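Student: Could you take one part of this model and go through it closely, keeping to what the coordinates support? I would like a single connected account rather than a list.

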Amino acid sequence: MDSIKEPISAIYIGIVVAEFLSKTGPVLQAIEIYKECLIILNSQGQAIDNSLANVTFRVIYMKIISAYVYIKDYTSTEKYLRKLLLYIDSNDPIEEGWLHLNLADILHAQSKFTEASEFYESAIKVMKMMGNTHGQALCYAKLGVMFQSLGQYYKAREYQEKALAIKKEIGGRDEEAAIYGNLGTVFHSLGQYNKAQEYQEKALAIKTEVGVRDGEATATKT
């Protein structure tokens, strides 16, 4: 039993040290320590309780992903997100949905558009199954932005309008304003300038409204 406690203790000490390094600056050094923790965990995996090993893998992968995102190393981020997919809790589809969304974002950042689209769509399916309308709207909006960047303006419009329909139903004025702005840009690219102006004005009206309300709230508190 003690032979198992020793490597587990070493792993968790390593995680604490790596977290400190991540917060104080030497992120690459933190990543190397996380990798050393993975080596220990892999070497002791069969001797450690399966559920404990899985949780520990997930913790390390999430932390190493955060570190790679911080230094904008998207290739390594993608690699470890894919590894993390293997340790998703089958009883937690919410985690699966958000993980697919994060992987889609990283693939998009690397211009891997086809695969990014597949993971966005996969995330949408999981979000729908869970009734997570906020997550659905976010995925639709991100797909719209991606297709807009590719010059596929009709697809961009389709997805932004799906996002807008959800946001108008569930609320979220800041996000609604952003979607109106995106749609304004799409309509401008399609040469529908009156429509573009209409949506940009709607975006501005909401931003002004939200800004006034924020100011009123601040004034009331003081």
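Tutor: Let us start at Glu95, which, when residues up to four places away in sequence are not counted, touches Arg58, Ile88 and Asp89. This is a predicted model, and the distances and accessibilities below should be read as properties of that prediction. Glu95 is found in helix α5, which covers residues 93–109, and its relative accessibility of 16% falls under the 20% limit, so Glu95 counts as buried. With Arg58, one of the residues it touches, Glu95 also makes a polar contact between side chains, at 3.0 Å.

The helix that holds Glu95 also takes part in the largest pocket, where α5 gives the most to the lining, with six residues. Helices α3 (50–70) and α4 (74–85), like α5, each supply at least two residues of that lining. The largest pocket has a volume of about 210 Å³ and is lined by 13 residues, among which Ile65, Leu81, Leu84, Leu99 and Asn102 lie nearest its centre. Sorted by class, the lining of this pocket comprises eight nonpolar, three polar and two charged residues.

From the pocket we can turn to the aromatic rings, for which the count comes to nine aromatic pairs. One of the pairs is formed by Phe57 and Tyr87, and this pair is stacked, with 4.8 Å from centre to centre and 25° between the planes. Because Phe57 lies in helix α3 while Tyr87 lies in the loop between α4 and α5, the pair ties together parts that are 30 residues apart in sequence. Phe57 has a relative accessibility of 6% and therefore counts as buried. The Phe57 and Tyr87 rings also belong to a wider arrangement, since ring pairs link Phe57, Tyr61, Tyr68, Tyr80 and Tyr87 into a cluster.

As a further site to set beside Glu95, consider Gln136, which is found in helix α7, residues 133–149. Gln136 has a relative accessible area of 9%, which is under the 20% limit, so this residue is buried. Once its neighbours within four places in sequence are left aside, Gln136 is in contact with Ile124, Met127, Lys128 and Ile166.

To draw the part around α5 together: Glu95 is buried in this helix, its side chain is joined to that of Arg58 by a polar contact, and α5 itself gives six residues to the lining of the largest pocket.

Notes. Residues numbered from 1 in each chain as written. Predicted model: local features only at pLDDT ≥ 70, side-chain atom pairs only at ≥ 80, totals over all residues. Heavy atoms only, no water. Helix = DSSP H or I, 4+ residues; strand = E, 2+ residues; numbered from the N terminus. Buried < 20%, exposed > 50% of the residue type's maximum accessible area, 1.4 Å probe, protein only. Polar contact = N/O pair within 3.5 Å; in protein donor to acceptor, adjacent residues only side chain to side chain. Contact = heavy atoms within 4.5 Å. 1 Å grid on protein atoms, 1.4 Å probe; cavity = no way out; pocket = protein on both sides within 12 Å on 5 of 7 lines; lining within 4 Å. Points joined across faces, edges and corners; volume = space filled by probe spheres on them. Nonpolar A, V, L, I, M, F, W, Y, C, P; charged D, E, K, R; others polar. Phe/Tyr/Trp six-rings, centres within 6.5 Å; stacked < 30°, edge-to-face > 60°.
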